[in-house]
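Student: I've got a chain on my screen and I'd like to talk it through with you. Can we go piece by piece?

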Amino acid sequence: MEYISVILITILFTIFNKNISALQRDQKRIESKLDRIIEHLGLPEPSKEKINDELKDELVKLIEANKKVKAIKRLRDVTGMELVEAKDYVDSL
């Protein structure tokens, strides 16, 4: 009975692992296509270009109020930055 359970768990794990790998490949392919489309259209990257003095002041106030996570979220909402990039920017303030 234990062997059957172990075999079933192994089979399920293998199936889930294959599905996750396929999803990750699809995501990378889609991101690559989107990057090429953005580059072809000449669209600016959604990042530091949208940071104005007003937003910067708002972020500094949030950081001073010990609301660093809210500052990162606000920055990501406005600029479309990735999490790591936004965290690094907030840390630099």
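Student: Which helices do the buried residues of α3 pack against?

Tutor: Keep in mind that this is a predicted model. In α3, the buried residues are Ala 71, Ile 72, Leu 75 and Thr 79. The helices they pack against are α2 and α4.

Student: How wide an arc do those buried residues of α3 cover around the axis?

Tutor: Start from the general rule: an α-helix has 3.6 residues a turn, so residues three or four places apart point the same way. Ala 71, Ile 72, Leu 75 and Thr 79 are the buried ones in α3. They sit on the same side of α3, because the arc they cover around the axis is only 100 degrees.

Student: And which residues are exposed on the other side of α3?

Tutor: Exposed here takes a relative accessible area over 50%. On the other side of α3, the residues that pass are Val 69, Lys 70, Lys 73 and Asp 77.

Student: How far does α3 reach from its first C-alpha to its last?

Tutor: Count 12 residues in α3. At 1.5 Å a residue, the expected value is 16 Å, and the model comes close to that. From first C-alpha to last, α3 reaches 16 Å.

Student: What follows α3, and what is the sign of its phi?

Tutor: Gly 80 comes after α3. The phi of Gly 80 is near 80 degrees, so to speak of its sign: positive.Student: Over to α2. Within what arc do its buried residues fall?

Tutor: The buried residues in α2 are Leu 55, Leu 59 and Leu 62. Looking down the axis of α2, you find them lining one face of the helix. That is because they fall within an arc of 60 degrees.

Student: What covers that buried face, and what is exposed on the other side of α2?

Tutor: The cover over the buried residues of α2 includes α3 (68–79) and α4 (83–92). On the other side of α2, the exposed residues are Asp 53, Glu 54, Lys 61 and Glu 64.

Student: Which residue caps the N-terminal end of α2?

Tutor: Look at the backbone nitrogen of Glu 54. A side-chain oxygen lies 3.3 Å from that nitrogen. The capping residue that supplies the oxygen is Asn 52.

Student: Where is Asn 66, and is it buried or exposed?

Tutor: Asn 66 sits in the loop between α2 and α3. Asn 66 has a positive phi of about 60 degrees although it is not a glycine. Most residues other than glycine have a negative phi. With a relative accessible area of 73%, Asn 66 is exposed.

Student: What does UniProt place at residues 64–92, and how much of that stretch is helix?

Tutor: The UniProt record, an unreviewed entry, has the feature "domain: Large ribosomal subunit protein bL12 C-terminal" there. Over residues 64–92, the end C-alpha atoms are 13 Å apart and strand makes up 0%. The helix share is 79%.

Student: Zooming out, what is the radius of gyration of the chain?

Tutor: The chain has 4 helices and 0 strands. For 93 residues the globule rule gives 12 Å, and the chain is well over that, so it is more spread out than a compact globule. Its C-alpha trace spans about 65 × 40 × 15 Å along the principal axes. The radius of gyration is 21 Å.

Student: Last one: what percentage of the residues count as buried?

Tutor: Buried takes a relative accessible area under 20%. Of the 93 residues of the chain, the part that counts as buried is 14%.

Conventions:
Residues numbered from 1 in each chain as written. Predicted model: local features only at pLDDT ≥ 70, side-chain atom pairs only at ≥ 80, totals over all residues. Heavy atoms only, no water. Buried < 20%, exposed > 50% of the residue type's maximum accessible area, 1.4 Å probe, protein only. Helix = DSSP H or I, 4+ residues; strand = E, 2+ residues; numbered from the N terminus. Arc of directions from axis to C-beta. Contact = heavy atoms within 4.5 Å. Polar contact = N/O pair within 3.5 Å; in protein donor to acceptor, adjacent residues only side chain to side chain. UniProt positions renumbered as here; feature names shortened; annotations may be inferred. Rg over C-alpha atoms; globule rule 2.2 N^0.38 Å. Expected span 1.5 Å × (residues − 1).
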